[in-house]
2 protein chains.
Amino acid sequence: MNDHLKAFRNYLKEQGLKNTSQREEILAFLGRSSRHLSPEEIFRELRRRDPRLGRATVFRTLRLLGDCGLATRVTFPDGKQKFETRLGGHHHDHMLCVHCGRAIEFVSPAVEEAQKRLARRYGFKVLWHRHEIFGRCRRCETAGPSPRRS
Amino acid sequence: MNDHLKAFRNYLKEQGLKNTSQREEILAFLGRSSRHLSPEEIFRELRRRDPRLGRATVFRTLRLLGDCGLATRVTFPDGKQKFETRLGGHHHDHMLCVHCGRAIEFVSPAVEEAQKRLARRYGFKVLWHRHEIFGRCRRCETAGPSPRRS
DNA sequence: GTTTTTATTGAGATAAAGTCTCAATTAAGA
DNA sequence: TCTTAATTGAGACTTTATCTCAATAAAAAC
């Protein structure tokens, strides 16, 4: 049994919540995907396999996975929300290409460190963070006009 | 005439777009506010003054302001989107309290620097970025139970 | 293993957020 | 002032997300 499944079951037990096949399916599906998925994509794909799956369950489960730190919400340049698993607690952030939509993952100890110092200064207890850099990836930078922002 | 108004008019002219009273009202309203505002809040308040204002115009203008770098989108812990002006191009990021919703602004040269190095490594042309730290502010940290995430 | 308790689910209504169309309007250059 | 073209608002519509509640199923109690 893999790590985040174990962590998930633990979390549920701690909180007095129940595990269900739907929850595990959603977590597993997120885990298998290398892309970022929107709630709607998750819903549509998983309902093909289990036609009785409800849309509300997907939203509820994504929130739950967020709450226990197993999934991360990524806000794309156009404001759209997508999710990914935080595999084995391995944290990373994103550079998002405003032109082709590609997401490049990165890890920056320097950023994490700077953040820790900041938080201390403000008496702020950090739970998690999100660092999104918007711009143009190498491929798109070589050609093409103005991007879409905000 | 203040700086971002001037910048806005410049941008419109450059792009061959037209200025309108609605656009200036929205920009001014954002500029006067010390809080983060949702599109709906902006719409409701400005329509009290001009009952003919349309909702679509607010969304269109927010996108436009984002495009020209005068407004920034902030994604709150619950996934809700809000906006603020980027006053005089002065960039800052946020620590968001998952308990009381308070937003603390900060500037971190260390983060900006680390980011620049990263981008260079990936051949990524940075246009803007967003760094959101979620956690509990000093006030809320002293008391109260589990937060809402994702 | 069976019963009891209680969280979870799905359907569908509903709400909230955002986009689109198109005729009427208005800004800006000629 | 005239002309051109971008912008607007109304409202339909789409998408995204939440809520309600009876039925279901997981976990605990027995």
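This dialogue reads a predicted model of two protein chains and two DNA strands, one feature at a time.

Q: What pattern of helices and strands does chain A follow along the sequence?
A: Chain A contains six helices and five strands. From the N terminus, the order is α-α-α-α-β-β-β-β-α-β-α. The C-alpha trace of chain A spans about 50 × 40 × 25 Å along its principal axes.

Q: How is chain A laid on chain B?
A: Two copies of a chain are related by a rotation about an axis and a shift along it. Here a turn of 180° with a shift of 0.0 Å along the axis lays chain A on chain B, and the RMSD is 0.1 Å. That is the relation of a two-fold axis.

Q: Which residue of chain A comes closest to the rotation axis?
A: That residue is A:His131, whose C-alpha lies 2.2 Å from the axis.

Q: Through what surface do the copies meet?
A: The copies meet through the same surface, because 98% of the interface residues of chain A are also interface residues in chain B.

Q: Which residues come nearest to DNA strand C?
A: For a strand, a residue counts as near if one of its heavy atoms lies within 4 Å. DNA strand C has 21 residues around it, and A:Lys18, A:Thr20, A:Arg23, A:Arg52 and A:Thr57 come nearest.

Q: Which atoms of DNA strand C lie within 4 Å of the protein?
A: Sugar or phosphate accounts for 75% of them, and bases for the rest.

Q: What polar contacts illustrate this for DNA strand C?
A: Here the test is a pair of N or O atoms within 3.5 Å. A backbone N or O atom of A:Arg52 is 3.1 Å from a sugar or linking oxygen of DNA strand C. A polar backbone atom of A:Gly54 lies 3.1 Å from a phosphate oxygen of that strand. Chain B takes part as well: an N or O atom in the side chain of B:Lys18 is 3.0 Å from a base nitrogen of DNA strand C. The elements giving two or more residues to the surface near this strand are α2 (21-32) and α4 of chain A, together with α4 of chain B. Of these, α4(B) gives the most, with four residues.

Q: How do the residues near DNA strand C divide by class?
A: The surface near DNA strand C has nine charged, seven polar and five nonpolar residues.

Q: How many residues surround DNA strand D, and which are the closest?
A: There are 19 residues around DNA strand D, and the closest are B:Thr20, B:Gln22, B:Arg23, B:Arg52 and B:Thr57. Of the atoms of DNA strand D within 4 Å of the protein, 75% belong to sugar or phosphate, and the rest to bases.

Q: Where are polar contacts found on DNA strand D?
A: Phosphate oxygens of DNA strand D lie 2.8 Å from a polar side-chain atom of B:Thr20 and 3.2 Å from one of A:Arg63. A polar backbone atom of B:Arg52 is 3.1 Å from a sugar or linking oxygen of the strand. Two or more residues each come from α4 (55-67) of chain A and from α2 (21-32) and α4 (55-67) of chain B. The most come from α4(A), with four residues. By class, the surface near DNA strand D has eight charged, six polar and five nonpolar residues.

Q: At what angle do α2(B) and α3(B) pack?
A: A helix pair is read from its angle, axis separation and handedness. The angle between α2(B) and α3(B), residues 39-49, is about 115°, and their axes are 11 Å apart. The crossing of these two helices is right-handed. On α2(B), the contact is made by B:Glu25, B:Ile26, B:Phe29, B:Leu30 and B:Arg32, and on α3(B) by B:Ile42, B:Glu45, B:Leu46 and B:Arg49. By class, this contact has five nonpolar, no polar and four charged residues.

Methods. Residues are numbered from 1 along each chain as its sequence is written. Chains are lettered from A and ligands numbered from 1 in the order in which they are written. This is a predicted model: local features need pLDDT of at least 70, side-chain atom pairs count only at pLDDT 80 or more; totals for chains, interfaces and linings use all residues. Side-chain values use heavy atoms; hydrogens and water are left out. A polar contact is a pair of N or O atoms within 3.5 Å; within protein, one must be able to donate a hydrogen and the other to accept it, and residues adjacent in sequence count only if both atoms are side-chain atoms. Ala, Val, Leu, Ile, Met, Phe, Trp, Tyr, Cys and Pro count as nonpolar, Asp, Glu, Lys and Arg as charged, and the others, Gly among them, as polar. Copies are superposed by least squares on the C-alpha atoms of residues with pLDDT of at least 70 in both. Contact means heavy atoms within 4.5 Å. Axes are lines fitted to C-alpha atoms, for helices over the stretch in contact, and angles run from 0 to 180 degrees between N-to-C directions. A crossing is left-handed if the near helix is turned anticlockwise from the far one by less than a right angle, and right-handed if clockwise.
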